[in-house]
Amino acid sequence: MAENREDDDLGIPRAALNKMIKELLPHTRIANEARELISNCCTEFIHLLSSEANDICNKQQKKTISPDHVLNALEALGFGEYRAEAQAVMAEAKAVAAKKRRQSTRLENLGIPEEELLRQQQELFAQARQEQEAIEQQQWLQMQQAAQAAQQQQMQQQPATEEDEYE
């Protein structure tokens with residue numbers, strides 16, 4: 001089972017591992033080699049558990065590993081005593097996810113009443129319309145000036161009228 005997983009870059013992040021160790025053993029020093037061993041054991045356990053959960057999932061002809069597959073894998077691997085704790089953690093994670101979904105939207109987090117935001121939006125729209133009208137007016141004036149310049153140039157290039165020729 002102890003395949004060479006150094007190249008996989010898999011495992012528990014070092015900071016998370018250190019935090020867990022400090023929470024569980026606040027007054028104990030742990031050697032770096034021991035931390036590395038704990039990290040490797042955690043990674044190996046996760047691989048073992050996920051592999052067993054995958055086998056259970058496949059036997060049930062399912063394509064997605066569900067929490068029940070993981071809980072059954074704990075039982076199958078002889079870690080049944082952790083089932084209740086795992087279920088409690090799963091329930092807590094679901095509660096946190098539900099709370100996040102219920103949390104107010106970004107709009108509500110701004111602390112600005114919706115009416116005020118709507119008023120500000122309308123002002124921005126009006127300002128954008130004025131700017132667009134000014135641009136269009138400027139373009140129209142430029143086209144008029146170009147047309148006048150072209151007309152003047154055309155008049156200058158026309159041969160003199162017949163009256164001018166006979167004089």
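Methionine 143 counts as exposed in this predicted model, because its relative accessibility comes to 56%. Its place is in helix α6, which covers residues 114–157. Met143 also has company at the surface: together with Trp140 and Leu141 it makes up a nonpolar patch. The accessible area of Trp140, Leu141 and Met143 together is about 350 Å².

Helix α2 (residues 32–59) offers a contrasting case in serine 39. With a relative accessibility of 10%, Ser39 counts as buried, since the cut-off for that label is under 20%. Leaving aside residues up to four places away in sequence, Ser39 touches Ile12 and Leu17.

Next come the cysteines. The disulfide count is 0. For cysteine 41, the closest cysteine sulfur belongs to cysteine 42, and at 7.1 Å that is too far for a bond, given that a disulfide calls for sulfur atoms within 2.5 Å. Seen from the other side, cysteine 42 is likewise in no disulfide, with the sulfur of cysteine 41 as its nearest cysteine sulfur. As for solvent, Cys41 is partly exposed at 45% relative accessibility, and Cys42 is also partly exposed, at 25%.

The aromatic residues have a bit more going on. The count comes to 2 aromatic pairs. One of them joins phenylalanine 45 and phenylalanine 79 in an edge-to-face arrangement, with 5.1 Å from centre to centre and 85° between the planes. This pair brings together distant parts of the chain, 34 residues apart: Phe45 sits in helix α2, while Phe79 is in the loop between α3 (67–76) and α4 (83–102). Phe79 pairs with tyrosine 82 too, and here the ring centres are 6.2 Å apart with the planes at 40°, so this pair is tilted. The edge-to-face label goes to planes over 60 degrees apart and the stacked label to those under 30, which is why 40° ends up as tilted.

Put together, the ring pairs link Phe45, Phe79 and Tyr82 into a cluster. How buried or exposed are its members? Phe45 is partly exposed, with 31% relative accessibility. Phe79 is partly exposed as well, at a relative accessible area of 26%, and Tyr82 falls under that label too, at 43%.

Note on methods
Residues numbered from 1 in each chain as written. Predicted model: local features only at pLDDT ≥ 70, side-chain atom pairs only at ≥ 80, totals over all residues. Heavy atoms only, no water. Patch = residues over 30% accessible without salt bridge, like charges linked within 9 Å, V, L, I, M, F, W, Y side chains within 5 Å. Areas by Shrake-Rupley, 256 points an atom, 1.4 Å probe, with all protein chains shown as cover. Salt bridge = Lys/Arg side-chain N within 4 Å of Asp/Glu carboxyl O. Helix = DSSP H or I, 4+ residues; strand = E, 2+ residues; numbered from the N terminus. Buried < 20%, exposed > 50% of the residue type's maximum accessible area, 1.4 Å probe, protein only. Contact = heavy atoms within 4.5 Å. Phe/Tyr/Trp six-rings, centres within 6.5 Å; stacked < 30°, edge-to-face > 60°.
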